[in-house]
Amino acid sequence: MKNLPLIVIVLVIGGGLGYFLGGGNEQAVEQEAVMETSSESTLEAVKAKGYVQCGVSQGLPGFSNADDNGNWTGIDVDLCRGVAAAVFGDADKVRFTPLSAKQRFTALSSGEIDILSRNTTWTMTRDTQLGLNFAGVNYYDGQGMMVPSGLGVTSATELDGANICTNTGTTTELNITDYFRANNMSFELVAFEKADEVVAAYDAGRCDVYTTDRSGLAAQRTKLTNPDAHVVLPEIISKEPLGPVVRQGDDQWFNIVRWSLNAMINAEELGVTQSNVDSMMGSDNPSIKRLLGEEGNFGEELGLSNDWAANLIKAVGNYGESYDAHVTPLGLARGVNALWSDGGILYAAPIR
Ligand SMILES: N[C@@H](CCC(=O)N[C@@H](CS)C(=O)NCC(=O)O)C(=O)O
């Protein structure tokens, strides 16, 4: 522990100081985010530069992850590529900015990025105090904890006094503090800005526990020396609705991002896929006709062309296709992220 070169925050629950530090940390980061106003709309600016600038993680398999050639993949990446396809008819007209949790909101407020699509939890503070808006939810998650199987721990309630590794600038820090406090347990938080530092510290045995969103645990686990030697505990200690974020004050851009996500979810519900979208153009189903721009003026009302959603689906597929391509390989079943019609809670407003 004493050799750790990075930020080490020791929180002893029971003394209110730990709670204050844990809560204050994220707030301080978020207060750095200052809204920048500009007379040019985001859509105009995006069209003028010729691409969408999308803020993503620094590497989280399933959500946003770059290969050795710098090709980004994941459901958060598909959302950005989908918006690029909706705007330009070309999903490659997008550039990615890798951001730590701590940097992400400032990057959006300052105009460095057009969309933040980075496993970001929609909370009231973030929505109401940062000059930002959440355009929807593309993954319903919850916070979990992972421990080395060798510890013999089967429940989070056995973790009194544990060392816990996590990321700074996250909801994770706040929730873990709440959880230990509520259960009258003490713990020591070992927090790093970079996710890979968290993985390395946990892998090296510096912490008993790794806590983050459950999807993040599944993703980061693949980076451990021996992934099978770790178990995810059954407790889900928070709600983490993850979704894309835009600057407040530009309703058109907000709508473009919101409806791009809705189009992916509605396409799945309507059975429109990347491979059948062309033949679906001839469908008699009015919902499909509206989605694909065969009927109505839905794209133009957004400031785009009427084939916006058809282009998006051709480029990245529907929500289920994107999920299957990127999240299913992590071993995460659809669960609550199934469509409402399949027993889940994904329910996109209709295009009409
Ligand atoms: N959803 C939470 C946690 C987000 C978060 O930053 N998680 C870490 C751990 S999974 C992460 O994204 N790591 C990847 C990275 O920093 O690039 C939040 O919005 O605060």
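This is a short tour of the ligand and the residues around it. The model is predicted: local features need pLDDT of at least 70, side-chain atom pairs need pLDDT 80 or more, and totals for chains, interfaces and linings use all residues. Residues are numbered from 1 along each chain as its sequence is written, and side-chain values use heavy atoms, without hydrogens or water.

Select the ligand. Then show the 21 residues around it, each with a heavy atom within 4 Å. Gln58, Arg104, Arg118, Thr121 and Asp213 come nearest.

Now look at the polar contacts (pairs of N or O atoms within 3.5 Å). Pick Gln58: a backbone N or O atom lies 2.5 Å from a ligand oxygen. Go to Thr171, where a backbone N or O atom is 2.9 Å from an oxygen of the ligand. Next, Asp213: a side-chain N or O atom sits 2.7 Å from a ligand nitrogen.

How much of the ligand does the protein bury? Of the 490 Å² exposed by the ligand alone, 100% is buried (Shrake-Rupley method, 1.4 Å probe).

Finally, colour the two domains, with bounds from an automatic or database assignment. Domain 1 (16–28 + 143–238) and domain 2 (42–139 + 242–342) both give residues to the shell, so the ligand lies between them.

Terms used: Polar contact = N/O pair within 3.5 Å; in protein donor to acceptor, adjacent residues only side chain to side chain.
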